[in-house]
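The exercises below are meant to be worked with the sequence and the model side by side. Try each task before reading its solution.

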Amino acid sequence: MTLTEKLEQLQALFAEMGQALIAYSGGVDSTLVAKIALDVLGDRALAITAVSPSLLPEELADATAQAATMGIAHKIVQTHEMENPNYTSNPVNRCYFCKSELHDTLKPLALELGYPYVVDGVNADDLHDYRPGIQAAKERGARSPLAEIGVTKAEVRQLSQQLGLPWWDKPAQPCLSSRFPYGEEITIAKLQRVGRAEIYLRNLGWDNLRVRSEGDTARIELPPEKIADFVFKTDLPNIVSAFQNLGFIYVTLDLEGYRSGKLNQVLQQIAAR
């Protein structure tokens with residue numbers, strides 16, 4: 001199926017829905033879904049952003065600005081996954097409890113406002129990764145148009161560029177809880193610490209990165225081809241000082257480099273035993 005055909009099928013899907021509430025994080029996937037829904041449904045499309053300690057204020061500001069640029073109606077709701085010990089204890093299926101909270105919030109809101117469908121930005125590639133949150137969304141009746149039509153992450157970016165979205169190449173930004181190894185308790189203070197560390201590096205010009213947090217250690221992940229530049233072109237003592245001011249004791253650089261879903265490799269090792 002060509003990209004044009006996939007876009008036409010996405011448009012037809014929303015036309016059949018008639019109205020849709022979009023779980024909108026401001027990431028490239030959910031933003032594309034929101035854009036197509038807006039183009040087809042107009043004011044019958046509503047974007048909802050869930051706010052919790054795992055979302056940086058800067059990310060909320062981006063989502064709000066993007067929604068305003070597109071012209072889609074946009075609302076903000078609070079979610080409370082941090083009150084659930086099944087989430088904060090950070091088990092391997094942590095995302096299940098996060099998405100349960102999200103869709104337990106969105107579904108009744110959609111019904112109250114008269115929207116028969118809640119849709120998200122899950123794409124076809126996500127179905128091949130360990131994503132327990134997808135199950136939680138399905139159990140609550142959410143639909144994933146990109147996955148249903150078979151749109152991959154690369155195609156999401158292509159379609160976003162084709163539709164004139166200036167953030168088509170925006171780096172992925174999963175929730176901050178994904179920065180912690182399974183089993184380490186998640187707290188608001190830890191989320192804020194790792195979030196501020198990433199913002200610090202982004203402000204230095206390093207956009208595509210992760211700061212993984214394990215105890216008092218911060219591990220910086222960059223694309224492999226950027227590691228040498230980082231070592232030779234940044235003031236490493238200043239970075240160490242800045243991270244220590246945030247509360248880390250040790251600051252390290254991952255020599256393997258950034259890879260999406262990297263913390264899930266421990267699950268593969270467990271399965272192989």
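## Exercise 1: the parallel sheet

Strands β2 and β3 are paired in the parallel sense, over six bridges; helices (H or I, at least four residues) and strands (E, at least two) are DSSP runs numbered from the N terminus, and two strands pair if DSSP finds at least two bridges between them. The model is a predicted one, in which local features need pLDDT of at least 70 and side-chain atom pairs count only at pLDDT 80 or more, while totals for chains, interfaces and linings use all residues. Residues are numbered from 1 along each chain as its sequence is written, and side-chain values use heavy atoms, with hydrogens and water left out.

**Task.** Find the residue of β3 that stands opposite I48, and work out in which hand the chain crosses from β2 to β3.

**Solution.** Begin at I48, whose opposite residue in β3 is K75. Then follow the chain from β2 through α3 to β3, a β-α-β crossover that is right-handed, meaning that, with the strands pointing away from the viewer, the path from the first strand over the helix to the second runs clockwise.

**Task.** Place these strands in their sheet, and state which helices pack on the sheet.

**Solution.** The sheet is open and has four strands in the order β3-β2-β1-β4, with parallel pairing. Its edge strands are β3 (73-78) and β4 (118-119), each of which pairs on one side only. Further in, β1 and β2 run parallel and are joined by four bridges, with A23 opposite I48 of β2. Helix α2 packs on this sheet and touches β1, β2 and β4, its direction making about 165° with that of β1; axes here are lines fitted to C-alpha atoms, for helices over the stretch in contact, and angles run from 0 to 180 degrees between N-to-C directions. Helix α3 also packs on the sheet, touching β2 and β3, and its direction makes about 155° with that of β3.

## Exercise 2: the nonpolar cores

**Task.** Which residues touch the most other members of the largest nonpolar core, and which element gives the most to this core?

**Solution.** A nonpolar core is a set of buried Ala, Val, Leu, Ile, Met, Phe, Trp, Tyr and Cys residues joined through side-chain atoms within 4.5 Å, where buried means under 20% relative accessible area, exposed over 50%, and partly exposed in between (1.4 Å probe, protein chains only). The largest core has 31 residues, of which F14, I22, Y24, M70 and I72 touch the most other members. Among the elements that give two or more residues to this core are α1 (3-17), β1 (20-23) and α8 (153-162), but α2 gives the most, with eight residues. Apart from this core lies another, of 25 residues, including Y96, A136, A218 and L222. To look at one member of the largest core, take I22: leaving aside its neighbours within four places in sequence, I22 is in contact (heavy atoms within 4.5 Å) with residues including V33, I48, I72 and V119.

## Exercise 3: the mixed sheet

**Task.** Describe the sheet that contains β5, β6 and β7, and explain why one side of each edge strand has no neighbour there.

**Solution.** These three strands form an open sheet in the order β5-β6-β7, with mixed pairing. Strands β5 (210-214) and β7 (250-253) are at the edges and have a single partner strand each, so one side of each is left without a neighbour in the sheet. From one strand to the next the twist averages 25°. Strands β5 and β6 (residues 217-221) run antiparallel and are joined by five bridges, with V211 opposite I220, and in their hairpin, which has two residues between the strands, G215 takes a positive phi near 65°. By contrast, β6 and β7 pair in the parallel sense over four bridges, and here T217 stands opposite Y250. Helix α9 (residues 188-203) lies across β5 and β6 at about 150° to β5, while helix α11 (residues 236-246) lies across β5, β6 and β7 at about 130° to β6.

## Exercise 4: the cysteines

**Task.** How many disulfides does a search of the whole structure find, and why is C95 not bonded to C175?

**Solution.** The search finds zero disulfides, a disulfide being a pair of cysteine sulfur atoms within 2.5 Å. The closest cysteine sulfur to that of C95 is in C175, and because the distance is 5.9 Å, the two are too far apart for a bond. C98 is likewise in no disulfide, its nearest cysteine sulfur, that of C175, being 5.2 Å away. As for accessibility, C95 counts as partly exposed at 29% relative accessibility, whereas C98 counts as buried at 15%.
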